[in-house]
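Q: I'd like to learn how to read a fold by walking through one. Could you show me the chain and take me through it?

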Amino acid sequence: MSVKSALSSTAAVLLGALALTACQPGSTAAVGGSAPAQQAPVPPARSGTAVPVSALSASAPVGRRGSSGNSDSYAYSHPCSSRQLSVHVVRRGSAPTQRVIEVRNVGARSCGLSYHPLVYLDNSRSADRSRAVKPLVPSGLGGAPAYPVYAGRTAYAVIDLDPSGATTGTARGLDELNVLADGDHMANAETLNFPLGSGALVLKPKLGLYRSSVADAVVSMRAADTPS
């Protein structure tokens, strides 16, 4: 082989080696290129890593057990304040004598309510509560120190104004439902007044405990057997 041919062969080998080097991922020549997926580095797992919002199910609850400030234990030591709650009373279309008391936690943390709201029925023009009627409530209360309501959640309590459906012997002149969301911690001045509407009949009313659904609140109301 001539010297010229030998030099040409050597040059060809060197050029091929350089070409192979340029194709290796991670080399200087590959900066700005897209590395194959199997070559991407995997970061070590770390505890406490935040989960992106997009990775959570859309049905995930606003408040979850164990999350900071939004748990049962937090609610037990933090009674609800009136400014943290939104209270409404609505009729049950399927049961004209029943009213649903809705207590929604509009705050950012969970809080604790008494087992049931403090409720009485009265005449809106009465100044001394001389005609006030209190409902029966379930007996045998005990257990957790409060009813926890999570941020963004609603607690329901149902009152039946006339469980027997009687049209005679009912209390006269009662046109207002008075509700104190938490009778254990709130002042009487924080009681809210809701009109019953014309023609409301009241006789031995029953009130249930706070529950997470209207259906469960109705079941609790039917068990009421003790003066509140």
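A: We'll go through the chain piece by piece, starting with the overall layout. Keep in mind that this is a predicted model.

Q: Let's start wide, then. How many helices and strands does the protein chain have?

A: The protein chain has three helices and 11 strands. In sequence order the pattern reads α-α-β-β-β-β-β-β-β-β-β-β-α-β. Of the 228 residues in the protein chain, 32% are buried. As for contacts with a separation of 6 or more, 74% of them are between residues 24 or more positions apart.

Q: Now a single strand. How do I read which way its side chains point?

A: The general idea first: along a regular strand, side chains alternate between the two faces of the sheet. Now take strand S7, residues 154–160. Thr154, Tyr156, Val158 and Asp160 point one way, while Ala155, Ala157 and Ile159 point the other way.

Q: Are those two sets of S7 residues buried or exposed?

A: Both sets are buried. That's seven of the seven residues of S7, so the strand is largely enclosed by the rest of the structure. For the cut-off, buried means under 20% relative accessible area.

Q: Which strands pair with S7?

A: Strand S2, residues 95–105, pairs with S7 in the antiparallel sense over seven bridges. Two of the partners you can look up are Arg104 of S2 with Thr154, and Arg99 with Ile159. Strand S10, residues 206–207, also runs antiparallel to S7, joined by two bridges. There, Ile159 has Leu207 as its bridge partner. So Ile159 is a handy residue to click on: Arg99 is a bridge partner, and so is Leu207.

Q: And what does S2 do besides pairing with S7?

A: S2 also runs antiparallel to strand S1, residues 85–92, with eight bridges between them. A hairpin of two residues connects S1 to S2. Look for Arg92, whose bridge partner in S2 is Ala95.

Q: How should I read a helix that has a buried side?

A: In general, an α-helix has 3.6 residues a turn, so residues three or four places apart point the same way. Here, try helix H3, residues 214–222, where Ala217, Val218, Ser220 and Met221 are buried. These residues cover an arc of only 160 degrees around the axis, which puts them on the same side of H3. On the face turned away from that buried side you'll find the exposed residues Ala215, Val219 and Arg222.

Q: What do the buried residues of H3 pack against?

A: They pack against S1, S2, S7 and S10. You've met those strands already, so try showing them together with the helix.

Q: What about the sheet that contains S8? In what order do its strands come?

A: The order is S4-S8-S9, three strands forming an open sheet with antiparallel pairing. S4 and S9 (192–195) stand at the edges with a single partner strand each, so one side of each has no neighbour in the sheet. On average, neighbouring strands here are turned by 25 degrees against each other, direction ignored. S8 and S9 are paired through four bridges, and Val179 has Leu192 in S9 as its bridge partner.

Q: Next, covalent links. Which residues does the disulfide join?

A: In general, a disulfide is a covalent bond between the sulfur atoms of two cysteines. A search of the whole structure turns up one. It joins Cys80 to Cys111, with an S to S distance of 1.9 Å. Cys80 sits in the loop between helix H2 (72–76) and S1, while Cys111 is in strand S3 (residues 111–113), so to speak 31 residues apart and linking distant parts of the chain. The torsion about the S-S bond is about 85 degrees, so the disulfide is right-handed. Cys80 and Cys111 are both buried.

Q: Last one: how many salt bridges are there, and where?

A: The search of the whole structure finds one. The side chains of Arg125 and Asp175 meet at 3.9 Å, N to O. Arg125 lies in the loop between S4 (118–122) and S5 (136–137), and Asp175 in the loop between S7 and S8 (176–180), so the pair ties together parts that are 50 residues apart in sequence. Arg125 counts as exposed at 67% relative accessibility, whereas Asp175 is partly exposed at 23% relative accessible area.

Key
Residues are numbered from 1 along each chain as its sequence is written. This is a predicted model: local features need pLDDT of at least 70, side-chain atom pairs count only at pLDDT 80 or more; totals for chains, interfaces and linings use all residues. Side-chain values use heavy atoms; hydrogens and water are left out. Buried means under 20% relative accessible area, exposed over 50%, partly exposed in between (1.4 Å probe, protein chains only). Two strands pair if DSSP finds at least two bridges between them. A salt bridge is a side-chain nitrogen of Lys or Arg within 4 Å of a carboxyl oxygen of Asp or Glu. The arc is that of the directions from the helix axis to the C-beta atoms. Contact means heavy atoms within 4.5 Å. Axes are lines fitted to C-alpha atoms, for helices over the stretch in contact, and angles run from 0 to 180 degrees between N-to-C directions. A disulfide is a pair of cysteine sulfur atoms within 2.5 Å.
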